Amino acid sequence: MEIINKSRLEAFSDGVIAIIITIMVLQINVPTQGSWSAILAPNFLITFGSYILSFMFVASFWVSHHMILAPVKTVSKKLLWVNLLLLLPMSVLPTVTTWHNDFVNSVAPSVCYIAIYTFCVLGLFVLSKGAMKHVDESHIKMMESVAKIRFWMVMFGLVSTIGTFFIPQIASISVMLILVGYHTSVFILNKKKWHGLIL
(Lines give C-alpha, C1' and ligand atoms only; values in the text may rest on other atoms or scores of the structure.)
Protein backbone atom coordinates (compact mmCIF):
# COMPACT_ATOMS: atom_id res chain seq x y z
CA MET A 1 0.00 0.00 0.00
CA GLU A 2 1.37 3.39 -1.03
CA ILE A 3 1.82 5.73 1.97
CA ILE A 4 1.30 9.49 1.48
CA ASN A 5 1.82 12.41 3.85
CA LYS A 6 -1.55 13.78 4.92
CA SER A 7 -0.53 17.48 4.83
CA ARG A 8 -1.45 17.88 1.15
CA LEU A 9 -4.84 16.27 1.73
CA GLU A 10 -5.55 18.68 4.59
CA ALA A 11 -4.29 21.74 2.70
CA PHE A 12 -6.36 20.95 -0.38
CA SER A 13 -9.49 20.26 1.70
CA ASP A 14 -9.06 23.48 3.69
CA GLY A 15 -8.75 25.43 0.45
CA VAL A 16 -11.88 23.90 -1.07
CA ILE A 17 -13.92 24.54 2.09
CA ALA A 18 -12.70 28.16 2.26
CA ILE A 19 -13.76 28.69 -1.37
CA ILE A 20 -17.18 27.15 -0.67
CA ILE A 21 -17.81 29.60 2.17
CA THR A 22 -16.60 32.51 0.03
CA ILE A 23 -18.92 31.59 -2.84
CA MET A 24 -21.87 31.29 -0.46
CA VAL A 25 -21.39 34.77 1.01
CA LEU A 26 -20.90 36.29 -2.46
CA GLN A 27 -24.30 34.92 -3.47
CA ILE A 28 -26.05 37.13 -0.89
CA ASN A 29 -27.46 40.06 -2.84
CA VAL A 30 -26.70 43.49 -1.36
CA PRO A 31 -29.94 45.30 -0.37
CA THR A 32 -31.00 47.81 -3.00
CA GLN A 33 -32.04 50.44 -0.44
CA GLY A 34 -30.17 52.13 2.38
CA SER A 35 -32.82 51.56 5.03
CA TRP A 36 -33.46 49.11 7.85
CA SER A 37 -36.52 47.83 6.00
CA ALA A 38 -34.24 46.55 3.22
CA ILE A 39 -32.47 44.09 5.51
CA LEU A 40 -35.69 43.22 7.31
CA ALA A 41 -37.43 42.29 4.07
CA PRO A 42 -38.58 38.64 4.08
CA ASN A 43 -36.57 37.70 0.98
CA PHE A 44 -33.33 39.06 2.43
CA LEU A 45 -33.93 37.45 5.84
CA ILE A 46 -34.59 34.06 4.23
CA THR A 47 -31.41 34.33 2.14
CA PHE A 48 -29.29 35.53 5.06
CA GLY A 49 -30.74 32.92 7.43
CA SER A 50 -30.02 30.20 4.90
CA TYR A 51 -26.45 31.46 4.56
CA ILE A 52 -25.93 31.35 8.34
CA LEU A 53 -27.29 27.80 8.47
CA SER A 54 -25.11 26.73 5.54
CA PHE A 55 -22.06 28.45 7.04
CA MET A 56 -22.56 26.62 10.34
CA PHE A 57 -22.95 23.34 8.46
CA VAL A 58 -19.77 23.85 6.41
CA ALA A 59 -17.92 24.98 9.56
CA SER A 60 -19.13 21.79 11.24
CA PHE A 61 -17.83 19.75 8.30
CA TRP A 62 -14.46 21.48 8.57
CA VAL A 63 -14.17 20.79 12.31
CA SER A 64 -15.25 17.16 11.82
CA HIS A 65 -12.84 16.75 8.92
CA HIS A 66 -10.00 18.07 11.07
CA MET A 67 -10.86 15.84 14.02
CA ILE A 68 -11.18 12.74 11.82
CA LEU A 69 -7.71 13.29 10.35
CA ALA A 70 -6.00 14.55 13.54
CA PRO A 71 -4.94 11.07 14.76
CA VAL A 72 -4.00 9.96 11.23
CA LYS A 73 -0.24 9.98 10.54
CA THR A 74 -0.18 8.97 6.88
CA VAL A 75 -2.85 8.33 4.26
CA SER A 76 -3.26 5.93 1.36
CA LYS A 77 -4.30 6.71 -2.19
CA LYS A 78 -7.68 5.17 -1.39
CA LEU A 79 -8.22 7.62 1.47
CA LEU A 80 -7.31 10.51 -0.85
CA TRP A 81 -10.11 9.46 -3.19
CA VAL A 82 -12.57 9.01 -0.32
CA ASN A 83 -11.73 12.55 0.78
CA LEU A 84 -12.37 13.85 -2.75
CA LEU A 85 -15.75 12.10 -2.79
CA LEU A 86 -16.62 14.04 0.39
CA LEU A 87 -15.57 17.34 -1.22
CA LEU A 88 -17.72 16.63 -4.31
CA PRO A 89 -21.15 17.16 -2.66
CA MET A 90 -19.71 19.97 -0.53
CA SER A 91 -18.64 21.85 -3.66
CA VAL A 92 -22.28 21.83 -4.84
CA LEU A 93 -23.61 23.36 -1.59
CA PRO A 94 -23.54 27.02 -2.79
CA THR A 95 -25.53 26.14 -5.93
CA VAL A 96 -28.25 24.08 -4.22
CA THR A 97 -28.48 26.57 -1.36
CA THR A 98 -29.11 29.47 -3.76
CA TRP A 99 -31.60 27.43 -5.80
CA HIS A 100 -33.46 26.44 -2.65
CA ASN A 101 -33.52 30.07 -1.43
CA ASP A 102 -35.08 31.21 -4.71
CA PHE A 103 -37.73 28.47 -4.74
CA VAL A 104 -38.12 27.54 -1.09
CA ASN A 105 -41.58 26.00 -1.60
CA SER A 106 -40.70 24.00 -4.70
CA VAL A 107 -40.04 20.26 -4.61
CA ALA A 108 -36.98 19.88 -6.89
CA PRO A 109 -34.69 22.49 -5.23
CA SER A 110 -35.79 21.40 -1.75
CA VAL A 111 -35.06 17.72 -2.46
CA CYS A 112 -31.64 18.60 -3.90
CA TYR A 113 -30.95 20.81 -0.87
CA ILE A 114 -31.54 18.13 1.77
CA ALA A 115 -30.05 15.38 -0.42
CA ILE A 116 -26.73 17.20 -0.89
CA TYR A 117 -26.41 17.88 2.82
CA THR A 118 -27.17 14.23 3.53
CA PHE A 119 -24.48 13.14 1.05
CA CYS A 120 -22.01 15.45 2.82
CA VAL A 121 -22.69 13.73 6.15
CA LEU A 122 -22.39 10.37 4.39
CA GLY A 123 -19.01 11.51 3.03
CA LEU A 124 -17.80 12.27 6.55
CA PHE A 125 -19.05 8.87 7.71
CA VAL A 126 -17.17 7.05 4.94
CA LEU A 127 -14.05 9.18 5.52
CA SER A 128 -14.05 8.36 9.24
CA LYS A 129 -14.40 4.64 8.47
CA GLY A 130 -11.46 4.85 6.10
CA ALA A 131 -9.38 6.86 8.55
CA MET A 132 -9.78 4.16 11.21
CA LYS A 133 -7.36 2.00 9.21
CA HIS A 134 -4.65 4.64 9.69
CA VAL A 135 -4.89 5.37 13.43
CA ASP A 136 -3.73 3.74 16.66
CA GLU A 137 -6.12 1.36 18.39
CA SER A 138 -6.60 3.88 21.20
CA HIS A 139 -8.57 6.14 18.84
CA ILE A 140 -10.78 3.54 17.16
CA LYS A 141 -13.44 3.17 19.84
CA MET A 142 -14.02 6.91 20.01
CA MET A 143 -14.14 7.22 16.20
CA GLU A 144 -16.61 4.34 15.96
CA SER A 145 -18.91 6.01 18.50
CA VAL A 146 -18.98 9.27 16.52
CA ALA A 147 -19.35 7.39 13.21
CA LYS A 148 -22.46 5.73 14.62
CA ILE A 149 -23.98 9.19 15.24
CA ARG A 150 -23.18 10.20 11.66
CA PHE A 151 -24.78 7.00 10.39
CA TRP A 152 -28.08 7.84 12.10
CA MET A 153 -27.89 11.43 10.80
CA VAL A 154 -27.56 9.98 7.29
CA MET A 155 -30.59 7.74 7.87
CA PHE A 156 -32.58 10.73 9.10
CA GLY A 157 -31.46 12.72 6.06
CA LEU A 158 -32.56 9.99 3.67
CA VAL A 159 -36.01 9.76 5.30
CA SER A 160 -36.26 13.57 5.19
CA THR A 161 -35.34 13.57 1.50
CA ILE A 162 -38.24 11.21 0.77
CA GLY A 163 -40.57 13.36 2.88
CA THR A 164 -39.48 16.50 1.00
CA PHE A 165 -40.98 15.07 -2.20
CA PHE A 166 -44.36 15.57 -0.51
CA ILE A 167 -43.68 18.59 1.76
CA PRO A 168 -40.84 20.85 0.45
CA GLN A 169 -40.55 22.75 3.76
CA ILE A 170 -39.19 19.60 5.41
CA ALA A 171 -35.80 20.27 3.76
CA SER A 172 -34.85 23.40 5.72
CA ILE A 173 -36.10 22.00 9.01
CA SER A 174 -34.25 18.72 8.49
CA VAL A 175 -30.93 20.41 7.67
CA MET A 176 -31.20 22.36 10.93
CA LEU A 177 -32.16 19.23 12.89
CA ILE A 178 -29.20 17.29 11.46
CA LEU A 179 -26.81 20.07 12.50
CA VAL A 180 -28.27 20.49 15.99
CA GLY A 181 -28.83 16.75 16.50
CA TYR A 182 -25.28 15.84 15.56
CA HIS A 183 -23.62 18.39 17.85
CA THR A 184 -25.98 17.64 20.72
CA SER A 185 -25.28 13.90 20.43
CA VAL A 186 -21.52 14.44 20.26
CA PHE A 187 -21.65 16.82 23.23
CA ILE A 188 -23.46 14.21 25.32
CA LEU A 189 -21.01 11.52 24.16
CA ASN A 190 -18.04 13.71 25.07
CA LYS A 191 -19.40 14.37 28.54
CA LYS A 192 -20.04 10.71 29.18
CA LYS A 193 -16.90 9.15 27.70
CA TRP A 194 -14.36 11.45 26.13
CA HIS A 195 -14.22 14.40 28.55
CA GLY A 196 -14.56 17.37 26.24
CA LEU A 197 -13.19 16.08 22.94
CA ILE A 198 -14.88 18.18 20.21
CA LEU A 199 -15.79 16.50 16.92
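Helices here are DSSP runs of H or I with at least four residues, numbered from the N terminus. With that in hand, let us walk through this predicted model, starting with a single residue.

His183 sits in helix H7, which covers residues 170-194. Is His183 buried or exposed? Its relative accessibility is 33%, and because partly exposed means between 20% and 50%, His183 falls into that middle class. The chain also brings His183 together with a residue from another part of the sequence: Ser60 is 123 residues away along the chain, yet the two C-alpha atoms are 8.7 Å apart in space.

Now turn to helix H1, residues 7-26. Its 20 residues, at 1.5 Å a residue, should span 28 Å, and the C-alpha atoms at its ends are 29 Å apart, which agrees. Which residues of H1 are buried? They are Leu9, Ser13, Val16, Ile17, Ile20, Ile21 and Met24. Viewed down the axis of H1, these buried residues fall within an arc of 135°, so they line one face of the helix. The general background is helpful here: an α-helix has 3.6 residues a turn, so residues three or four places apart point the same way. The cover over the buried residues of H1 includes helix H3 (42-69), strand E2 (74-76) and helix H4 (77-102). On the other side of H1, you will find Arg8, Ile19 and Leu26 exposed.

Our last stop is a pair of helices, H5 (residues 107-131) and H6 (residues 137-164). Their axes come within 9 Å and cross at roughly 160°. Angles over 145 degrees count as roughly antiparallel, and H5 and H6 are therefore roughly antiparallel to each other. The crossing in which H5 passes H6 is left-handed.

Terms used:
Residues are numbered from 1 along each chain as its sequence is written. This is a predicted model: local features need pLDDT of at least 70, side-chain atom pairs count only at pLDDT 80 or more; totals for chains, interfaces and linings use all residues. Side-chain values use heavy atoms; hydrogens and water are left out. Helices (H or I, at least four residues) and strands (E, at least two) are DSSP runs, numbered from the N terminus. The expected span of a helix is 1.5 Å times one less than its number of residues. Buried means under 20% relative accessible area, exposed over 50%, partly exposed in between (1.4 Å probe, protein chains only). The arc is that of the directions from the helix axis to the C-beta atoms. Contact means heavy atoms within 4.5 Å. Axes are lines fitted to C-alpha atoms, for helices over the stretch in contact, and angles run from 0 to 180 degrees between N-to-C directions. Angles under 35 degrees count as roughly parallel, over 145 as roughly antiparallel, 65 to 115 as roughly perpendicular and the rest as oblique. A crossing is left-handed if the near helix is turned anticlockwise from the far one by less than a right angle, and right-handed if clockwise.
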